[in-house]
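Before us are a sequence and its three-dimensional model, and the aim is to ask on what grounds particular terms are applied to particular residues. Each answer sets a value beside the cut-off that decides the matter.

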Amino acid sequence: MTASLSHGEQLVELNEVQLCFETFGHPADPAILLIDGAAASMLWWETELCEQISRGDRFVIRYDNRDTGRSTSYPKGQPGYAYTDLAADALGLLDALHIERAHIVCRSMSGGIGLILGVDHPDRVESLTFISTSTGAEGLPPSEELSTPAEPDPADSRAVVDYVVASVKSYSGGSPYFDETATRALVERDVARTRNIGSTLVNHYAMSFDGASRDFAAIKAPTLVVHGDRDPAFPLPHGYSLRDTIPGATLLILEGAGHDLPKPLWDVFVPALLQHTEGGLS
């Protein structure tokens with residue numbers, strides 16, 4: 001059985017930025033690169049989840065995208081990067097870890113990063129998994145109206161925590177699995193380790209989505225689509241659209257989940273991910 005302990009947070013210089021990353025398990029096992037969505041640091045891939053995946057003989061990598069966590073931050077409202085730069089960071093991190101090919105797992109906004117990697121760099125992608133994301137095709141139902149508070153003063157850490165917790169609750173879509181106590185503890189840790197929380201809250205939404213014009217139908221890698229049936233940001237038809245657009249894709253519906261991956265459903269998600277990523281190069 002693969003060792004499940006973390007190898008600790010590390011900083012790496014690449015593409016003229018610093019990225020903070022953490023790995024779990026044995027480097028000789030098939031690599032799974034976890035990429036999170038807008039304003040989300042690597043902490044949102046919870047340590048316990050990463051360890052659970054690594055126990056399935058996987059080398060798990062999570063990292064802070066630019067403007068999240070301990071990675072390079074930019075002035076608020078002035079992201080000095082675009083979507084394709086974030087995709088290049090993912091490849092640069094694999095290069096730094098001497099990984100030729102990896103299983104790419106993308107959540108929400110980072111589905112666009114997976115799209116860029118799958119279409120432009122198929123030689124680096126062993127498989128793709130899209131969680132809570134969308135093709136953006138015309139005719140799909142719009143996001144539900146979300147009840148979130150006004151953006152807080154970034155200097156008021158308590159207000160920031162309250163704001164993020166309320167936002168996560170709204171995005172859970174009324175899921176019975178939403179755990180406010182655990183969410184608040186995670187957010188408090190996240191805010192405490194973030195270089196510039198004001199930039200985190202806005203910069204991903206302000207960047208250029210220059211790689212988003214690629215076609216999901218051009219993806220050749222084996223693909224798993226994971227979608228909550230209560231997702232208010234991308235209602236379930238968005239998950240069906242991804243499955244139907246990507247050749248050979250399969251869909252795992254998480255019953256009772258919103259725009260998230262709640263802990264009570266890890267026993268459904270992790271076995272599906274391990275089966276999807278069986279074999280392949282590390």
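Q: What covers the buried residues of helix α8?
A: In this predicted model, the cover over the buried residues of α8 includes the strands β3 (31-35), β5 (102-107), β6 (125-131), β7 and β8 (250-254), together with helix α1 (47-54). The buried residues themselves, within a helix that spans residues 266-276, are Trp266, Phe269, Val270, Ala272, Leu273, Leu274 and His276.

Q: Why is Ser127 called buried?
A: Its relative accessible area is 2%, and a residue counts as buried under 20%, so Ser127 meets the criterion. Ser127 is found in strand β6, and, leaving out residues up to four places away in sequence, it touches Ala102, His103, Ile104, Ala221, Pro222, His276 and Thr277.

Q: What makes the pairing of the side chains of Ser127 and His103 a polar contact?
A: The distance between them is 2.7 Å, and the cut-off for a pair of N or O atoms is 3.5 Å, so the pair qualifies as a polar contact.

Q: How do you know that Arg101 counts as buried?
A: Arg101 has a relative accessibility of 19%, and the term buried applies under 20%, so Arg101 is classed as buried. This residue lies in the loop between α2 (83-96) and β5.

Q: Which polar contact does the side chain of Arg101 make with another side chain, and what lies 3.2 Å from one of its polar atoms?
A: The side chain of Arg101 makes a polar contact of 2.9 Å with the side chain of Glu126, while the backbone oxygen of Val125 lies 3.2 Å from a polar atom of the Arg101 side chain. Both values fall within the 3.5 Å limit, so both satisfy the distance condition for a polar contact.

Q: How many aromatic pairs are there, and why is the one between Phe130 and Phe216 described as it is?
A: The count comes to three aromatic pairs. For Phe130 and Phe216 the ring centres are 5.7 Å apart and the planes stand at 75°; centres must lie within 6.5 Å, and planes over 60 degrees apart count as edge-to-face, so this pair is edge-to-face. Because Phe130 lies in strand β6 and Phe216 in the loop between α6 (197-206) and β7, the pair ties together parts that are 86 residues apart in sequence. Phe130 and Phe216 are both buried.

Q: Why is Cys50 not counted as part of a disulfide?
A: The closest cysteine sulfur to that of Cys50 belongs to Cys20 and is 13 Å away, which is too far for a bond, given that a disulfide requires two cysteine sulfur atoms within 2.5 Å. The structure as a whole holds zero disulfides. Cys20 is likewise in no disulfide, and its nearest cysteine sulfur is that of Cys50. Cys20 is buried, with a relative accessible area of 0%, and Cys50 also counts as buried at 0% relative accessibility.

Q: What makes β1 and β2 a pair of strands, and in which sense do they run?
A: Strand β1 (residues 10-14) and strand β2 (residues 17-24) are joined by five bridges in the antiparallel sense, and at least two bridges are required, so the two strands pair. Leu11 stands opposite Cys20 in β2. The two strands form a hairpin with two residues between them, and Asn15 in the turn has a positive phi of about 50°.

Q: Is Ala233 buried or exposed, and what is it in contact with?
A: At a relative accessible area of 6%, set against a limit of under 20%, Ala233 is buried. Ala233 lies in the loop between β7 (223-228) and α7 (237-245). Leaving aside neighbours within four places in sequence, Ala233 is in contact with Ser143, Tyr171 and His259.

Q: Why is Asp67 called buried, and what is its phi?
A: Asp67 has a relative accessible area of 1%, where under 20% suffices, so Asp67 is buried. Asp67 is found in the loop between β4 (59-63) and α2, and its phi is positive, about 65°, although it is not a glycine.

How values were computed: Residues numbered from 1 in each chain as written. Predicted model: local features only at pLDDT ≥ 70, side-chain atom pairs only at ≥ 80, totals over all residues. Heavy atoms only, no water. Buried < 20%, exposed > 50% of the residue type's maximum accessible area, 1.4 Å probe, protein only. Helix = DSSP H or I, 4+ residues; strand = E, 2+ residues; numbered from the N terminus. Contact = heavy atoms within 4.5 Å. Polar contact = N/O pair within 3.5 Å; in protein donor to acceptor, adjacent residues only side chain to side chain. Phe/Tyr/Trp six-rings, centres within 6.5 Å; stacked < 30°, edge-to-face > 60°.
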